[in-house]
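Trainee: I am new to this structure. Can we go through it step by step?

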Amino acid sequence: MSGIDIHAHHSMDHQQALEAADELAADLSEKFGIDYHWDAEKIHFERPGVHGEISVSDDEIRIQAYLGFLLTMMKGPIEQEIVRYLHEHFGCTF
C-alpha cells in the first residue's frame, strides 16, 4: 500500500480551516464517491482502494491517504491535484 502525506500551511482562523477541510471532503465525496465522517477535528475518509484522514490544526491542514495497488500508479497525479486544490481554493502554502 502506497501513502500520501501532505502538510499545507494556512492563514485561516481555526473555524475557517475546519470549514475548508469539510469543503474538501465534500468535494472528494462528490467527485470520487468517497465516504467521510468527522471524529473530533479529523475527517476520516474511505472508498475501495483508498482510505485516510484530513487533520486540521491552527496553522496546518494535513492529508494522509493510503492507496491500494491499483491507485498506486496514480499517486503523483493525486498528490498534484490535492496540492493544486488546497493552493487554489484555500491559499495554502507547502
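Trainee: What span should the 19 residues of α1 have at 1.5 Å a residue?

Mentor: This is a predicted model, so every value is computed from it. The expected span counts one less than the number of residues, times 1.5 Å. The end C-alpha atoms of α1 agree with the expectation, and both values are 27 Å.

Trainee: Which residues of α1 are buried?

Mentor: Buried means under 20% relative accessible area. Helix α1 covers residues 14–32. Its buried residues pack against β2, β3, β4, β5 and α3. They are Ala17, Leu18, Ala20, Ala21, Leu24, Ala25 and Asp27.

Trainee: Is His14 buried, exposed or partly exposed?

Mentor: His14 lies in α1. The buried class ends at 20%, and the exposed class begins over 50%. At 23% relative accessibility, His14 therefore counts as partly exposed.

Trainee: Which side chain does a polar contact of 2.9 Å join to that of His14?

Mentor: Leave out residues up to four places away in sequence, and His14 touches Glu41, Val56, Ser57 and Asp58. A polar contact needs N or O atoms within 3.5 Å. The pair at 2.9 Å joins the side chain of His14 to that of Glu41.

Trainee: At the start of α1, which backbone nitrogen does a side-chain oxygen of Asp13 reach?

Mentor: Look at the start of the helix, residues 14–32. The oxygen of Asp13 comes to within 3.1 Å of its target. That backbone nitrogen belongs to Gln15.

Trainee: Which strands stand at the edges of the sheet?

Mentor: The open sheet has 5 strands, in the order β1-β5-β4-β3-β2, with antiparallel pairing. An edge strand has a single partner, so one side of it is left without a neighbour in the sheet. Neighbouring strands are turned by 15° against each other on average, direction ignored. The edges are β1 (2–9) and β2 (35–39).

Trainee: What is the bridge partner of Tyr36 in β3?

Mentor: Strands of a sheet pair through backbone hydrogen bonds. Here 5 bridges join β2 to β3 (residues 42–47), and the two run antiparallel. The partner of Tyr36 is Phe45.

Trainee: Which strands does helix α3 touch where it packs on the sheet?

Mentor: Helix α3 spans residues 75–90. Its direction makes about 15° with that of β1. The strands touched are β1 and β5.

Definitions and conventions:
Residues numbered from 1 in each chain as written. Predicted model: local features only at pLDDT ≥ 70, side-chain atom pairs only at ≥ 80, totals over all residues. Heavy atoms only, no water. Helix = DSSP H or I, 4+ residues; strand = E, 2+ residues; numbered from the N terminus. Buried < 20%, exposed > 50% of the residue type's maximum accessible area, 1.4 Å probe, protein only. Contact = heavy atoms within 4.5 Å. Polar contact = N/O pair within 3.5 Å; in protein donor to acceptor, adjacent residues only side chain to side chain. Pairing = 2+ DSSP bridges. Axes fitted to C-alpha atoms, helices over the stretch in contact; angles between N-to-C directions.
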